[in-house]
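Visitor: Could you walk me through this one and back up the labels as we go?
Guide: Sure, have a look first.

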Amino acid sequence: MGTGGRYGLRPGKGNAEGVVAGKGNTDGVAATPTPTAASASCQYRCIECNQEAKELYRDYNHGVLKITICKSCQKPVDKYIEYDPVIILINAILCKAQAYRHILFNTKINMHGKLCIFCLLCEAYLRWWQLQDSNQNTDPDDFIRYAKEWDFYRMFAIASLEQAAFFTGIFTFLWVERPTTVKKKPDFILLLKALLLSSYGKLLLIPAVIWEHDYTSLCLRLIKVFVLTSNFQAIRVTLNISRKLSFLAIVSGLLVESTMVYFFQRMEWDVGSDCTIYKSQDF
């Protein structure tokens, strides 16, 4: 971001075949592609048609950049390289497939692990807060405080197991349906990263709890719906499959997660509530 907008690029006037160094320059400027722009392998994707591309732009002398045009759809490979990160984030929140392809294929984001831990901490805090709210114990004894601290760790472990069950259900369904989902072997590592990144909506759990009001329960349920919608879009974009299969994958994940929640309840563990649609618990 910020790689092209400051130079006044015009995506519609890019060279569809890719400009070769020293050739095709009508302005008399020698083309010198930078190492980050040119690549021997197709490591990028067109955000419009999902076709592979060797480069996103060409860098000329004097800071002149030209966006590469996709050979398949004749549109800019990635128009978002001209956009500010705030605009990209807004489009991602709106679940636009183009924004998801830009983030997943054309950028190097390695924060999925940290984001996953932080989201789990947010969900564990929500469960722990609900547990403490239901147990109105004001005893200042150190043993009570120690027990409450371990309750938080327990909520974190349960939230981690439920998320693992959700992902397991998705991967199992896609593995069984892989002959009909994709033409080539699916990249489940990339899909895992996409699911972790698309779960960023869980960060909204903390503000919803801090600013508690009469509609907090509704807000938490809407956050869950937003996270599931983001996961749905991440699956569809990463594997380039139909909406029906993406929806069935999400449903499979929810079924496996519900099974684990039922198991915890049978074990008489107080698992709290993650405010999912299928768990109608009062707040």
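Visitor: Why does Glu123 count as buried or exposed?
Guide: Buried means under 20% relative accessible area, exposed over 50%, and partly exposed in between, using a 1.4 Å probe and protein chains only. Glu123 has 6% relative accessibility, so Glu123 counts as buried. Two ground rules before we go on: this is a predicted model, where local features need pLDDT of at least 70 and side-chain atom pairs count only at pLDDT 80 or more, while totals for chains, interfaces and linings use all residues. Residues are numbered from 1 along each chain as its sequence is written, and side-chain values use heavy atoms, with hydrogens and water left out.

Visitor: What makes Glu123 and Arg127 a salt bridge?
Guide: A salt bridge needs a side-chain nitrogen of Lys or Arg within 4 Å of a carboxyl oxygen of Asp or Glu. For Glu123 and Arg127, the closest N and O atoms are 3.2 Å apart, so the pair fits the definition. Arg127 is buried too, with a relative accessible area of 0%.

Visitor: Why are Glu123 and Arg127 separated by about one helical turn?
Guide: Because they sit 4 residues apart in helix 3, which covers residues 112–134. Helices here are DSSP runs of H or I with at least four residues, strands are E runs of at least two, and both are numbered from the N terminus.

Visitor: Which parts does the salt bridge between Glu123 and Lys202 tie together?
Guide: That pair meets at 3.3 Å, N to O. Glu123 lies in helix 3 and Lys202 in the loop between helix 6 (188–197) and helix 7 (205–210), so the bridge ties together parts 79 residues apart in sequence. Lys202 is buried, as is Glu123.

Visitor: How do you know that Arg154 and Asp151 pair up, and what are the atoms' distances?
Guide: Their closest N and O atoms are 3.3 Å apart, a salt bridge. They are 3 residues apart in helix 4 (residues 142–176), which means about one helical turn. Arg154 has 30% relative accessibility, so Arg154 counts as partly exposed. Elsewhere, salt bridges that share partners join Glu123, Arg127, Glu162 and Lys202 into one network. The structure holds 5 salt bridges.

Visitor: What makes a set of residues a nonpolar core?
Guide: The members are buried Ala, Val, Leu, Ile, Met, Phe, Trp, Tyr and Cys residues joined through side-chain atoms within 4.5 Å. The largest such core has 22 residues, and Phe166, Ile170 and Leu191 are among those touching the most other members. Helix 4 gives the largest share of this core, 7 residues.

Visitor: Which residues is Leu191 in contact with, beyond its neighbours within four places in sequence?
Guide: Contact means heavy atoms within 4.5 Å. By that rule, Leu191 is in contact with Phe171, Leu174, Ala234, Ile235, Thr238 and Leu239.

Visitor: How many residues in the chain are there, and what share is buried?
Guide: Buried residues make up 43% of the 283 residues. The chain has 9 helices and 4 strands, and reads β-β-β-β-α-α-α-α-α-α-α-α-α along the sequence.
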